[in-house]
Amino acid sequence: MQVRDLMSPNIISVAPDESAALAARLLKRYNVGSLPVCGEGGDLRGILTDRDIVTRCVAAEEDPGKVKVRDIMSRGCACVYPEDDVREASRMMASAQVRRLPVTEEGKVVGIITLGDIALSQAYDMEASKTLADISDNIKRR
């Protein structure tokens, strides 16, 4: 099965020049844990998580209304392609210690695949379980 078969094509993204406060409101409104950071043409610049906002902005006692997404986002994030095998996406999640990956095509974000998407597919529930165990095991070691 390919990533395109399980990914969500509904993308909520944020621009690098937007504020951390706006990004936080988008995370809450759409009930997601991360946002791809995209340029004007939809090209992937990075990813911003709720944890990034808390650790790099709020805990640093910065004003979320003034801090730009580009200053707290994670760059060089792992991503997959729509034609990649779901097992490869699962391995990449485990390797990168993440639960969600942007799906890109020609440098533009076309979807998101999450560990939950993989787990809901009965064909890959064991891969999802192993990936979650790998992520959890590495978190414990930190």
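What follows is a chat between a biologist and a modeller about a predicted model.

Biologist: Hi! Where should we start, maybe with the largest nonpolar core, and how many residues has it?

Modeller: Good place to begin. The largest nonpolar core has 14 residues, and those with the most contacts inside it are V14, A23, L48, V69 and I72.

Biologist: Which elements supply at least two residues each?

Modeller: Helix 2, strand 1 (34-38), helix 3 and helix 4 each do that. The largest share comes from helix 2, with 4 residues.

Biologist: And what does V14 touch?

Modeller: Leaving aside residues up to four places away in sequence, V14 touches A23, L26, L35, P36, V37, C38 and V69.

Biologist: What else is there in the way of cores?

Modeller: Another core lies apart from that one. This other core has 12 residues, among them L6, A89, M93 and I113.

Biologist: Is there a general reason why nonpolar side chains would gather like this?

Modeller: In soluble globular proteins, nonpolar side chains tend to be buried together.

Biologist: Okay, over to helix 3. Which of its residues are buried?

Modeller: Helix 3 covers residues 50-58, and D52, I53 and C57 are buried there. Those three sit on the same side of helix 3, because they cover an arc of only 95 degrees around the axis.

Biologist: What do the buried residues of helix 3 pack against?

Modeller: They pack against helix 2 (20-30), strand 2 (44-49) and helix 4.

Biologist: New topic: how many salt bridges does the structure hold?

Modeller: There are 6 salt bridges in the structure. One of them joins the side chains of R4 and E83, at 3.8 Å from N to O. That pair links distant parts of the chain, 79 residues apart: R4 belongs to helix 1 (residues 3-6), while E83 is in the loop between helix 4 (69-72) and helix 5.

Biologist: How accessible are R4 and E83?

Modeller: R4 is partly exposed, with a relative accessible area of 39%. E83 is also partly exposed, at 43%.

Biologist: Which other pairs can you show me?

Modeller: R45 and D43 meet in a salt bridge at 2.9 Å, N to O. R45 is partly exposed at 42% relative accessibility, and D43 is partly exposed at 25%. R87 forms a salt bridge with D85, where the closest N and O atoms are 3.6 Å apart. Here R87 has 36% relative accessibility and counts as partly exposed, as does D85 with 29%.

Biologist: Let's do the strands. In what sense do strand 3 and strand 4 pair?

Modeller: Strand 3 and strand 4 pair in the antiparallel sense, over 6 bridges. For instance, R100 has T114 in strand 4 as its bridge partner. The two strands form a hairpin with 2 residues between them.

Biologist: What about E106, in that turn?

Modeller: E106 has a positive phi, near 55 degrees, though it is a residue other than glycine. E106 lies in the loop between strand 3 and strand 4 (108-114).

Biologist: Where is Q97, and what is its phi?

Modeller: Q97 is in the loop between helix 5 (86-96) and strand 3 (100-105). Its phi is positive too, about 60 degrees, and Q97 is not a glycine either.

Biologist: Last one: are Q97 and E106 buried or exposed?

Modeller: Q97 is buried, because its relative accessible area of 18% falls under the 20% cut-off. E106 counts as exposed, at 79% relative accessibility.

Conventions. Residues numbered from 1 in each chain as written. Predicted model: local features only at pLDDT ≥ 70, side-chain atom pairs only at ≥ 80, totals over all residues. Heavy atoms only, no water. Buried < 20%, exposed > 50% of the residue type's maximum accessible area, 1.4 Å probe, protein only. Salt bridge = Lys/Arg side-chain N within 4 Å of Asp/Glu carboxyl O. Arc of directions from axis to C-beta. Contact = heavy atoms within 4.5 Å. Pairing = 2+ DSSP bridges. Core = buried A, V, L, I, M, F, W, Y, C linked by side-chain atoms within 4.5 Å.
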